[in-house]
Amino acid sequence: MTKTVSVCMATYNGARFVRHQLESILDGLHPSDEVVVVDDASTDDTADVVAAVGDDRIRLIRSETNRGYVKAFEAAIAEATGEIIFLSDPVSYTHLTLPTS
């Protein structure tokens, strides 16, 4: 049986790249998997870009205050429901390939 996956992201002012990153991650996920994105009080439109992707597998959590990279990742991990958790660095593009069994 396939285990469920949560990909956790912490974002801050990443509007320019976040859509491409999310699309790349989502291409490798199963319908029962999720991407948990914590936007760490971005001052650009990062959260709006994430929301506009329009995929039900994305869970967006908007922080009211900037808590920093580590705390944002901790918040994403705390919200994750998957049996397997991956962390995705928002600076790089990720091409996620999951096992088929």
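Which residue of strand 2 does Val7 stand opposite? Val7 stands opposite Val35. That pairing is a handy way into this structure, which is a predicted model.

**The strands**

Let's start with strand 1. Its 7 residues out of 7 are buried, so strand 1 is largely enclosed by the rest of the structure. Val5, Val7, Met9 and Thr11 point one way, while Ser6, Cys8 and Ala10 point the other way. There's a general pattern behind this: in a regular strand, side chains alternate between the two faces of the sheet.

Strand 2 tells a similar tale. Here 6 of the 6 residues are buried, so strand 2 too is largely enclosed by the rest of the structure. Glu34, Val36 and Val38 go one way from the strand, and Val35, Val37 and Asp39 go the other way.

Now for how the strands line up. The table lists the pairings, each with one pair of bridge partners.

| Strands | Sense and bridges | One pair of partners |
|---|---|---|
| Strand 1 and strand 2 | parallel, 6 bridges | Ser6 and Glu34 |
| Strand 2 and strand 3 | parallel, 5 bridges | Val36 and Arg59 |
| Strand 1 and strand 4 | parallel, 5 bridges | Met9 and Ser88 |

**The links between them**

Helices come in between some of these strands. Strand 1, helix 1 and strand 2 form a β-α-β unit that is right-handed. Strand 2, helix 2 and strand 3 form a right-handed β-α-β unit as well.

Helix 1 is worth a closer look. It covers residues 15-27, and its 13 residues should span 18 Å at 1.5 Å a residue; the end C-alpha atoms are 19 Å apart, which agrees. Its buried residues are Ala15, Val18, Gln21, Leu22, Ser24, Ile25 and Leu26. They pack against quite a list of elements: strand 1 (5-11), strand 2 (34-39), helix 2 (46-52), strand 3 (58-62) and strand 4 (84-88).

**The cores**

What about the inside? As a general rule, nonpolar side chains in soluble globular proteins tend to be buried together. In this model, the largest nonpolar core has 15 residues, and Met9, Leu22, Leu29, Val35, Val37 and Ile58 are the ones with the most contacts inside it. At least two residues of this core come from each of strand 1, helix 1, strand 2 and helix 2. Helix 1 gives the largest share, 5 residues.

Val35, the residue we began with, shows how these pieces meet. Setting aside neighbours within four places in sequence, Val35 is in contact with Val7, Met9, Leu22, Ile25, Leu26, Leu29, Arg57, Ile58 and Arg59. There is also a second, separate core, made of 9 residues, including Cys8, Ala10, Val36 and Ala72.

**An aromatic pair in helix 3**

One last stop. The model has 1 aromatic pair. The ring centres of Tyr69 and Phe73 are 5.0 Å apart and the planes sit at 80 degrees; the cut-off for edge-to-face is over 60, so this pair is edge-to-face. Both residues lie in helix 3 (residues 69-79), 4 residues apart, about one turn of the helix. In general, an α-helix has 3.6 residues a turn, so residues three or four places apart point the same way.

Are the two partners buried or exposed? Phe73 is buried, with a relative accessible area of 8%, whereas Tyr69 counts as partly exposed at 45% relative accessibility.

Note on methods: Residues are numbered from 1 along each chain as its sequence is written. This is a predicted model: local features need pLDDT of at least 70, side-chain atom pairs count only at pLDDT 80 or more; totals for chains, interfaces and linings use all residues. Side-chain values use heavy atoms; hydrogens and water are left out. Rings of Phe, Tyr and Trp (its six-membered ring) pair if their centres lie within 6.5 Å; planes under 30 degrees apart count as stacked, over 60 as edge-to-face and the rest as tilted. Buried means under 20% relative accessible area, exposed over 50%, partly exposed in between (1.4 Å probe, protein chains only). The expected span of a helix is 1.5 Å times one less than its number of residues. Contact means heavy atoms within 4.5 Å. A nonpolar core is a set of buried Ala, Val, Leu, Ile, Met, Phe, Trp, Tyr and Cys residues joined through side-chain atoms within 4.5 Å. Two strands pair if DSSP finds at least two bridges between them. A crossover is right-handed if, with the strands pointing away from the viewer, the path from the first strand over the helix to the second runs clockwise.
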